[in-house]
Amino acid sequence: MTVKHKAVAMAGAAALLFGTPLHAENGAAGWLRYAPVTLAARPPQRMLVLDNAVTVKSAAAELQRGLLSIAGDRLAPVQRLGDAPTLVVGTFAKVKRALPGWSGPEQSALGESARDGYIIQTFVTDKHTDWVVAGSTPSGVLYGAFALLEKLGENPQLKQFRVVSEPSSPIRWVDQWDNLDGSIERGYAGRSIFFSDGHVRRDLTRVSAYGRLLASVGINGCNVNNVNASPKMLTPEVIAGLGRIADALRPWGVRLAISVDLRSPETLGGMKTFDPKDPQVIAWWKSKVDAIYRVIPDFAGFTVKADSEGQPGPSQYGLTPAAAANMLARLLAPHGGIVMYRAFVYNNHLNWKDMKADRAKAAYDIFHPLDGKFAKNVVIQIKNGPIDFQVREPASPLFAGLRHTNEAMELEVTQEYLGQQRQTVYLVPMWKKTLDFDMRVDGRHTPVKDIVTGKVFHRPLGGFAAVSGVGMDTNWLRNPLAMANLWGYGQLAWNPDRSAEEIAENWTRLTFGDNPKVVRTVDAILMPSWHVYEDYTGPLGLQTLTDITGPHYGPDPQSQERNGWGQWFRATHTGVGMDRTTATGTGFIGQYPPEAAAKFESLKTCPDNLLLFMHHVPYTYRLHDGKTVIQYIYDSHYAGAIAAQKFVDEWKTLRGLVDSERYEKVLKIQRYQAAYSIVWRDAITRYFYRMSGIPDANGRVGHYPDRVTGAEMTLDGYTPVKVTPWEDASHGEAEVCLGRAECTASTVLGRTMVPMAGVYDIGVQYFDVRTGEASFQLLLNGKEIARWTADRKLPGYRIDGDTSIRKLVRDVKLQPGDRLELIGHPEGKEPAPFDYVVVYPAKDQSGFHD
C-alpha cells in the first residue's frame, strides 16, 4: 500500500470510528442530517403526543424521523403513560396534567406565557426515566423537538439533561429578495424556490423543506419577495399562490410576510395618487389587506422599502415614513399583522464636493425625529451598519436613537458584498461585533443586542430580520460552508449571547460529523474567514472597496468615489478616510450617545479597524501598533491572500473524512478564493500605491518577478485593450482576440521565472466573461499540457476584476529556456481575454503562492 493510499484508508477508518458517513451527500439536508451515532442513553421506545396543533404534529414527526436516523429507534405512538419509558410531547399545561410530578416552568426561568420557549429534559420517576419535550406554545414544542435532536447530535454521551430556553425576541424573520419571474436579487444559489415565470411555483416541496430548516433554528417569519416589490404581489392570482406558500410553511411555525410597493394603488389600482392620507388610497389598501387575510389568516405583515434608491415613498407628498407606516399598520392591526419599515432611506444623489454630506447620517437624521410617532405594530428595520452590509461598519447609531419605537436589526446571510458564496466568509463574528457593541445609553451598559430585543427601552416588539437568498441549488446557498451563516443567524436571533465559536463548532458537528479533526479544521477555516476577507479587500474601515455600481463583487475602489452614492472613503494623494468627526467633519459621530461618540471622535481611542470610516488621516499616520496606514494596507492585503491560500491546505487534510461530493465542492471554492484573493490584493495595493506614491517597504507592490504579462509576450493576433478600472489588470490592459478564430501568446521562460530545472505550477490569469464561452490551450514546447473553457459564469459582463480568474496547471516539469504558448479561441462575444502567466515552484499545498 502506498503512503497516499494508506493515508486515505486511515482517514476512512477514522470516519467510521466517529460516525461520519463517507457516502456522497449533496448538502440538501443542511445541518439536519441526523447522522447515526451511539447514544449513551437509549431513547424511550414510546411517544405520547398531547396536542393536535399542526406544529406539535410536525414536532412528533420530526422526533420520529430524527431518532430513527440517529439511534435506529422507531417510537410506538401511545395514548397514555404506562410502565415503560415514554417521550412526552406537548405544551407545558398539557404535559403537567399528563405527567405526575413534572412541574415544568415553575422550576425554570420560563413562565406559562413565555413566547415560544421550551423545556427538554429527562424526568426520573420511581420506575423509569421519561423524556419530555414541552413548549410554552405549540411552536415552542416544535423548537424543543429540534433542540433535543440537536443536543443528541452534538453530545451523544448525554444521559441526563435539562435544557430550558426561550427566544430573545418575538421577531425572528428571514427576508427573501425573490422576484415573480424567478430571479433573486442578490441571490447566488439558483432560481427562486417560491416563484417562476410570473407565478407561484406549482411544486412547493422545496418551500416546505426550507420551512423545516428555518424552524430548526427558531425562525418564525419569512418575507418571500423582493423589497423592491412588484405591485403584482397584490393581484388575486398571486395572493392565492401566496396562500399555498403559507400552507407549506405553516406546519413549521413560519408565518408568511410580503414586501409591498407603496405606489401600488397607482400602478395596480389605476388611481391617480398613492398618498397614504388619501381616503380612497386607504380604502384600496384595506381591500388588499382583507383579501390577504381571507386566504392567509396568520399572515405576518408587510415589509416596506420607500424613498430609497428610486423606490417611491411618502416624501413625494411631503409626508414622513410614519405616515405611510401607520396607515398600513392600522389596517393590519385587527388581524395581528405588523409593518417592518426599513430605515434604509437615503439620498443617492449626494454632492461629492460637499464635505459635510454623509450617507451614513441619513437613517438617524430621518427616523430619530420621528421617535414615538409610529404605531405599536410598526417596527423600524435597521441595517447593522449605517451604510450597506460592508465588510466592516460601526453599529448604526439609530439603534440608540429610538427609545419609543420598536426596532429590528437587519442582517444579510447572502454575501452580497462579501464574496457572494464564491468565497467562504463566516459572518457570525462580524454580527457579534455589532450585537455586543455597547452604546452606553445614559451612561449605562446597553449593548445593541439588548436594544433590538426590547430590553433597554422596554419595547414589546423587536428582533431580527436577515436577507437569506436561498435558491434552487441543492445545497441552498451554493457554498456548503455558507450554510453556517444561515444556521448562525438563527442561533443569534434566538440567543444573541451565544459565541461565534460555539455556533461554528455545533454547526460543524451536525453538518460534517463529530470527528475531532473535522471539527477543528472546519472551525479553523470559518473563524478567521471574515478577518481574512477584510484583509484582502477593505481593511481599517475602508468598506469593501468593491464595484458598488455593478455586481458588488470584484475590486473597484474608484466606484465608491466622486458620485452621489455616498460610500466615499475620500482617498487623495496625501491621505485617506472620511472625516465624520463633530469637530471638523460631517458630524456623524455625534449621532452616538456621548461616551460612544467620544471614543470614536478621538484618534487616541478610535479603534484602528474603523479608523478610516471615522477619520481622514495622512498615509503616514501611525496606527496604535506603530505601523503607517499605507504600510498596513499593503501588509494586510498580502497577509489576507496568504491566509486564503492556507484555507485550501487546511481543507485538503479532510480528504476521506468528509463525503466526496461536499469535499470536492468546497475544495473547488477554496481554490478559487485562494486565487481570487490575489486579484484583490494586486488591485487594491496598486491603487493605493498610485494614489499615495509611497512604495511598499517590503518591495512587493508592483513587482512580480514570477509573471510575464501579455504585453511582455510575443503575440500573434492578440491585441491590448484598456481595462476599467485600470488596477484590475497588469499595466491596466488585457489582451483580446478579435476577428480571428484563434490567437496566440508565447514566451520563453528565463531564469527569473524558472531559476533551475524542477517541478512547477503554471497559472494563467484570464477573464471569464458571460458574453460567450471562449476556450484556451496551454502548450509547453509545442505539446499541449492543458485545455479549458471559460464557462464559470462569474458575476460580470466585462473584462475587469469581477471576471478575472486563474487556471492552475500543477506539477509541470520545467527548465530555463522552455517555451510556453497560450492559444485563445474566442466564442460568441467573449474574445478569449487574458492578463498574464505566472510560474512558481510546485507545492503540495494550495498552489497559489504568488
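Where does Arg 392 lie? I started my notebook with that one, and I found Arg 392 in the loop between strand S14 (378–383) and strand S15 (406–412). A reminder to myself before going on: this is a predicted model.

**Entry 1: Arg 392**

I checked whether this residue is buried or exposed. Arg 392 has a relative accessible area of 7%, and because that is under 20%, I noted it as buried. Next I looked for a polar partner, and I found the side chain of Glu 534, in a polar contact with the side chain of Arg 392 at 2.6 Å. I also listed what Arg 392 touches, leaving out residues up to four places away in sequence: Trp 530, His 531, Glu 534, Asn 609 and Leu 610. So Glu 534 turns up in my notes both as a polar partner and in the list of touching residues, with Arg 392 itself buried.

**Entry 2: the barrel**

S14 and S15 made me curious about the strands around that loop. I traced a closed barrel of eight strands, in the order S7-S10-S11-S12-S13-S14-S15-S16, with parallel pairing. From one strand to the next, the twist averages 25°.

How many bridges join strand S7 to strand S16? I found five, between S7 (residues 171–175) and S16 (residues 462–467), with the two strands running parallel. For one pair to click on, I picked Val 174, whose bridge partner in S16 is Ala 466.

I then looked at a helix lying on these strands. Helix H9 (residues 321–332) lies across strand S11 (255–260), strand S12 (301–304), strand S13 (338–342) and S14, and it runs at about 160° to S13.

**Entry 3: the nonpolar cores**

The largest nonpolar core has 236 residues. Inside this core, the residues with the most contacts are Ile 245, Ile 258, Trp 651 and Phe 688. Helix H19 (residues 660–692) gives the most to this core, with 12 residues.

I followed Ile 245 a little further. Setting aside neighbours within four places in sequence, I found Ile 245 in contact with Phe 194, Phe 195, Val 200, Leu 204, Val 207, Val 224 and Leu 256. Apart from the largest core lies another one, of 10 residues, including Ala 300, Ile 338, Met 340 and Ala 408.

**Entry 4: salt bridges**

My count came to 39 salt bridges. I began with Glu 25, which forms a salt bridge with Arg 33, the closest N and O atoms being 2.9 Å apart. Glu 25 counts as buried at 14% relative accessibility, and Arg 33 counts as buried at 11%.

Glu 25 has a further partner: Arg 662 forms a salt bridge with Glu 25, with the closest N and O atoms 3.6 Å apart. Why did I flag this pair as tying together parts far along the sequence? Arg 662 lies in helix H19 and Glu 25 in the loop between helix H1 (3–17) and strand S1 (46–49), so the pair ties together parts that are 637 residues apart in sequence. Arg 662 is buried, and so is Glu 25. I wrote down the network too: Glu 25, Arg 33, Asp 659 and Arg 662 are linked by salt bridges.

Lys 94 and Asp 51 were next, with a salt bridge whose closest N and O atoms are 3.4 Å apart. This pair links distant parts of the chain, 43 residues apart: Lys 94 sits in helix H3 (residues 92–98), and Asp 51 in the loop between S1 and helix H2 (54–71). Lys 94 counts as partly exposed at 30% relative accessibility, whereas Asp 51 is buried at 13%.

**Entry 5: strand S5 and its partners**

Strand S5 (residues 129–135) is mostly covered, with six of its seven residues buried. Strand S3 (residues 86–91) pairs with S5 in the parallel sense over five bridges, and Val 89 stands opposite Val 133 in S5. Strand S4 (residues 118–124) pairs with S5 in the antiparallel sense over seven bridges. Here Phe 123 stands opposite Asp 130 in S5. S4 and S5 form a hairpin with four residues between them.

**Entry 6: an open sheet**

I closed with a sheet of five strands, open and antiparallel, in the order S20-S23-S28-S25-S26. Its edge strands are S20 (714–716) and S26 (783–789), each pairing on one side only. Neighbouring strands here are turned by 15° against each other on average, direction ignored. Three bridges join S20 to strand S23 (residues 743–748), and Asp 716 stands opposite Thr 744 in S23.

Conventions:
Residues numbered from 1 in each chain as written. Predicted model: local features only at pLDDT ≥ 70, side-chain atom pairs only at ≥ 80, totals over all residues. Heavy atoms only, no water. Buried < 20%, exposed > 50% of the residue type's maximum accessible area, 1.4 Å probe, protein only. Polar contact = N/O pair within 3.5 Å; in protein donor to acceptor, adjacent residues only side chain to side chain. Contact = heavy atoms within 4.5 Å. Core = buried A, V, L, I, M, F, W, Y, C linked by side-chain atoms within 4.5 Å. Salt bridge = Lys/Arg side-chain N within 4 Å of Asp/Glu carboxyl O. Pairing = 2+ DSSP bridges. Axes fitted to C-alpha atoms, helices over the stretch in contact; angles between N-to-C directions.
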